[in-house]
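Please open the model in your viewer and keep the sequence panel beside it, so that each stop on this tour can be selected in turn.

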Amino acid sequence: MKIKCVLIDDEPLAIKVLENYFTNFTDFEVIATFTNSLEALDFINSTTVDAVFLDINMPMMTGFELISLIENKTKVIITTAFREFAAESYDLDVLDYLVKPIPLPRFIKCINKITTEYNLKNNIKVETAKGDSHIFIKVDKKMMKINIEEILFVEGMKEYIKVVTPDKTYITHKSLTSLSEELPQDRFLRIHKSYVIALNKVKSIEGNRVQIQSYNIPIGRNYSKEVKNKILE
């Protein structure tokens, strides 16, 4: 089931930017866009909507006024060029506050928040020890969603990294250190300057190598003691 979103902004270009971002996330669907607050309010109160992306400075009715008239518990994300309304917006229990121009990494964090709230609301259990259940990486101009539980290991290759899962390998322009910071520290371990592994995927350890499925991955000399303590504990 897709997470249904509505975009409300009096600037068509701002709506277009968000629509382009959403094409990278297959779990989400933009079901309507509005430049008119009254039309948007009528639609939201008569339709099942999971998340509303709402500009503050709208003609006829401000974004804050619109929020006060929403009859259901639809999650609202403010999109605005003004930082000074952040405190007021959180008093209205908005889910997030995005400042234009909205960078894609910041948008991804918002998407993760919406997903978490949607899962809680719909009693969808997410199998994770802690943190998010997935990460997003850019592959061939698309943001690909990868379930953390499926990752076997990550290999650094100079300016790129390779994320290996049982079914597919993804290559993206990112540093190994940067990606490792997005992974749960209790479930992943750096064992070499070029490798981060999923601890629960280790099949065996022999000498200076660990085996994960059919892959034999080297253990760096400087990492050896910590690796053996972690894996053999």
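Begin by selecting residues 37-46, which make up helix α2 of this predicted model, and colour S37, A40, L41 and I44, the buried residues of this helix. These four cover an arc of only 100° around the axis, which puts them on the same side of α2. If you turn to the other side of α2, you will find D42 and S46, which are exposed.

What do the buried residues of α2 pack against? Add strands β1 (3-8), β2 (28-34) and β3 (51-55) to the selection together with helix α3 (63-69), because these elements are their packing partners. Before leaving the helix, show the side chain of N36, which caps the N-terminal end of α2 by placing a side-chain oxygen 2.9 Å from the backbone nitrogen of L38.

Next, widen the selection to residues 4-115, the range that UniProt lists, in an unreviewed entry, for "domain: Response regulatory". Over this range the chain is 41% helix and 24% strand, and the C-alpha atoms at its ends are 11 Å apart.

Some backbone details in the loops come next. In the loop between β3 and α3, select M60, a residue that has a positive phi of about 75° although it is not a glycine; M60 is also exposed, with a relative accessible area of 65%. Move on to the loop between α4 (86-91) and β5, where D93 is placed. D93, again not a glycine, has a positive phi of about 65°, and with a relative accessible area of 60% it is exposed. Then go to the loop between β5 (96-99) and α5 (104-121), where P101 lies, and display the backbone there, since the peptide bond from K100 to P101 is cis, with omega near -10°.

For the last stop, select strand β8, residues 153-157, of which four of the five are buried, so that the strand is largely enclosed by the rest of the structure. Which strands should be shown beside it? One is β9 (residues 160-164), which runs antiparallel to β8 and is joined to it by five bridges. The two strands form a hairpin with two residues between them, and K158 in the turn has a positive phi of about 55°. Another is β12 (residues 195-198), which pairs with β8 in the antiparallel sense over three bridges. Finish by centring the view on F153, which stands opposite V164 in β9 and opposite I197 in β12.

Notes. Residues are numbered from 1 along each chain as its sequence is written. This is a predicted model: local features need pLDDT of at least 70, side-chain atom pairs count only at pLDDT 80 or more; totals for chains, interfaces and linings use all residues. Side-chain values use heavy atoms; hydrogens and water are left out. Buried means under 20% relative accessible area, exposed over 50%, partly exposed in between (1.4 Å probe, protein chains only). The arc is that of the directions from the helix axis to the C-beta atoms. Contact means heavy atoms within 4.5 Å. A polar contact is a pair of N or O atoms within 3.5 Å; within protein, one must be able to donate a hydrogen and the other to accept it, and residues adjacent in sequence count only if both atoms are side-chain atoms. UniProt positions are given in the numbering used here, feature names are shortened, and annotations may be inferred rather than shown by experiment. Two strands pair if DSSP finds at least two bridges between them.
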